[in-house]
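Here's a set of exercises to work through with the coordinates open in your favourite viewer. Try each task before you read its solution.

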Amino acid sequence: MEQKLKGQIAIITGASSGIGAGCAIELAKAGATVVVNYPIPQGKEMAERVVEEIIANGGTAISYKCDVSKEDEVTGMFADTVKEFGTVDILVNNAGLQKDAPFTEMTLDQWNYVLAVNLTGQFLCAREAIKEFLRRGVNGKSKSAGKIICMSSVHEVIPWAGHANYAASKGGVMLMMKTIAQEFAPKMIRINSIAPGAIATPINHDAWDTQAHLQELLKLIPQKRVGQVGDIGKAAVWLASDDSDYVNGTTLFVDGGMTLYPGFEDNG
Ligand code: NAD
């Protein structure tokens with residue numbers, strides 16, 4: 001595989017499982033040195049397994065504990081990464097979670113927790129990444145001074161009953177991403193989102209764990225397969241590489257057609 005990210009340093013949040021782990025593995029295959037972030041001490045073992053897989057593939061990675069919703073922990077993660085590796089070239093703003101409830105039963109804690117991780121976490125990490133990109137400027141490793149990939153969701157455009165906090169967080173990610181892409185494009189910083197559809201990970205295990213659930217889910221996916229983390233990881237490599245150099249402020253939907261109004265598949 002051509003190493004399109006050779007010598008670049010990537011922080012990937014929430015990378016001890018699911019899509020984040022998939023992105024870490026694909027970015028490392030493309031030559032990036034990867035910081036595999038995880039939020040709580042208990043996540044260390046899973047993060048270390050991702051690091052071991054990357055090293056076994058010939059790549060370079062470390063694990064790093066940081067709760068992305070905590071400002072001091074985020075500034076610490078960026079400072080330590082710069083100290084260890086000299087800079088940060090790529091941020092994959094991936095950490096996210098769900099705390100679902102019917103709207104009238106949703107507690108303020110459930111609302112605040114999802115917004116804190118999914119939106120404020122992306123703000124804090126993007127802010128620290130951009131400060132470092134601006135400090136360093138374009139350094140010859142890439143046409144950009146830095147790249148950010150925000151992990152959004154098809155629910156940045158598809159309303160989702162029973163998940164108002166999650167959908168609001170992803171809608172927020174969409175306009176934060178576009179706004180900062182506009183603000184920093186003149187500084188050669190590229191910021192885009194990936195909006196996954198249904199990707200088989202721990203976050204949505206209930207949606208595909210039985211044949212009955214899977215068949216229901218497939219009704220929403222014109223391509224008739226559930227996505228895999230590698231589908232997202234490969235898209236992340238493209239968005240992080242100079243192959244997408246003129247792509248800025250856009251959301252790449254990687255969803256097997258989920259946003260194509262599958263209800264109209266049979267002529268409406
Ligand atoms: P996942 O549960 O496997 O991954 C989420 C990761 O975020 C976990 O590793 C978790 O430890 C981490 N995390 C949670 N809180 C954190 C915090 N405070 N600080 C740092 N890390 C934290 O699920 P996933 O499906 O891989 O989700 C990854 C991202 O993809 C999320 O943003 C999610 O919203 C998005 N997404 C997933 C799907 C899907 O179908 N799986 C679809 C659309 C969007």
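**Exercise 1: positive phi values**

M188 has a relative accessible area of 43%, which makes M188 partly exposed. Bear in mind that this is a predicted model.

Task: find where M188 sits in the chain, then look up its phi.

Solution.
- Step 1. M188 belongs to the loop that connects α5 (164-184) to β6 (189-196).
- Step 2. Its phi is positive, near 65°, and M188 is not a glycine.
- Step 3. Y261 is another non-glycine residue with positive phi, near 50°. You'll find Y261 in the segment after β7 (251-254).
- Step 4. With a relative accessible area of 62%, Y261 is exposed.
- Step 5. For a glycine with positive phi, go to G137, which follows α4 and has phi near 75°.

**Exercise 2: salt bridges within helices**

Task: take the pairs E26 and K29, E128 and K131, and R135 and E132. Work out how each pair is spaced along its helix, and which partners are buried.

Solution.
- Step 1. Start from the chemistry: oppositely charged side chains can pair when their charged atoms come close.
- Step 2. Now the geometry: an α-helix has 3.6 residues a turn, so residues three or four places apart point the same way.
- Step 3. E26 and K29 are three residues apart in helix α1 (residues 18-29), about one helical turn. Their side chains form a salt bridge with an N to O distance of 3.4 Å.
- Step 4. E128 and K131 are also three residues apart, about one turn, in helix α4 (residues 108-136). Their closest N and O atoms are 3.1 Å apart.
- Step 5. R135 and E132 sit in α4 too, with a spacing of three residues. Here the N to O distance is 2.7 Å.
- Step 6. Check the accessibilities, using under 20% as the cut-off for buried:

| Residue | Relative accessibility | Class |
|---|---|---|
| E26 | 8% | buried |
| K29 | 35% | partly exposed |
| E128 | 10% | buried |
| K131 | 45% | partly exposed |
| E132 | 7% | buried |
| R135 | 56% | exposed |

- Step 7. Put the pairs in context: the structure holds 15 salt bridges. E128 and K131 also join E71 and R127 in a salt-bridge network.

**Exercise 3: the length of α4**

Task: does the end-to-end distance of α4 agree or disagree with its residue count? And where is the kink in α4 centred?

Solution.
- Step 1. α4 has 29 residues, and at 1.5 Å a residue they should span 42 Å.
- Step 2. The end C-alpha atoms are 40 Å apart, so the two values agree.
- Step 3. Walk along the axis and you'll meet a kink of about 40°, centred on A116.

**Exercise 4: strand β5 and its partners**

Task: decide how enclosed β5 is, then identify the strands that pair with it.

Solution.
- Step 1. Six of the six residues in β5 (residues 146-151) are buried, so the strand is largely enclosed by the rest of the structure.
- Step 2. Sort the residues by direction: G146, I148 and C150 point one way, while K147, I149 and M151 point the other way.
- Step 3. On the β4 side, strand β4 (residues 90-93) pairs with β5 in the parallel sense over four bridges. N93 has C150 as its bridge partner.
- Step 4. Going from β4 through α4 to β5, the chain makes a right-handed β-α-β crossover.
- Step 5. Next comes β6, which runs parallel to β5 and is joined to it by six bridges. There, R190 stands opposite K147.
- Step 6. The β-α-β crossover from β5 through α5 to β6 is right-handed as well.

**Exercise 5: cysteines and disulfides**

Task: how many disulfides does the structure hold? Why is C66 not bonded to C125?

Solution.
- Step 1. The count is zero disulfides.
- Step 2. C125 has the cysteine sulfur closest to that of C66, but at 6.0 Å it is too far away for a bond. The cut-off to compare with is 2.5 Å.
- Step 3. C66 is buried, at 1% relative accessibility.
- Step 4. C150 is in no disulfide either, since the nearest cysteine sulfur, in C125, is 9.9 Å away.
- Step 5. C150 is buried as well, at 0% relative accessibility.

Key: Residues numbered from 1 in each chain as written. Predicted model: local features only at pLDDT ≥ 70, side-chain atom pairs only at ≥ 80, totals over all residues. Heavy atoms only, no water. Salt bridge = Lys/Arg side-chain N within 4 Å of Asp/Glu carboxyl O. Helix = DSSP H or I, 4+ residues; strand = E, 2+ residues; numbered from the N terminus. Buried < 20%, exposed > 50% of the residue type's maximum accessible area, 1.4 Å probe, protein only. Expected span 1.5 Å × (residues − 1). Bend = angle between axes of the 7 residues up to and from the residue. Pairing = 2+ DSSP bridges. Right-handed = clockwise from strand over helix to strand, strands pointing away.
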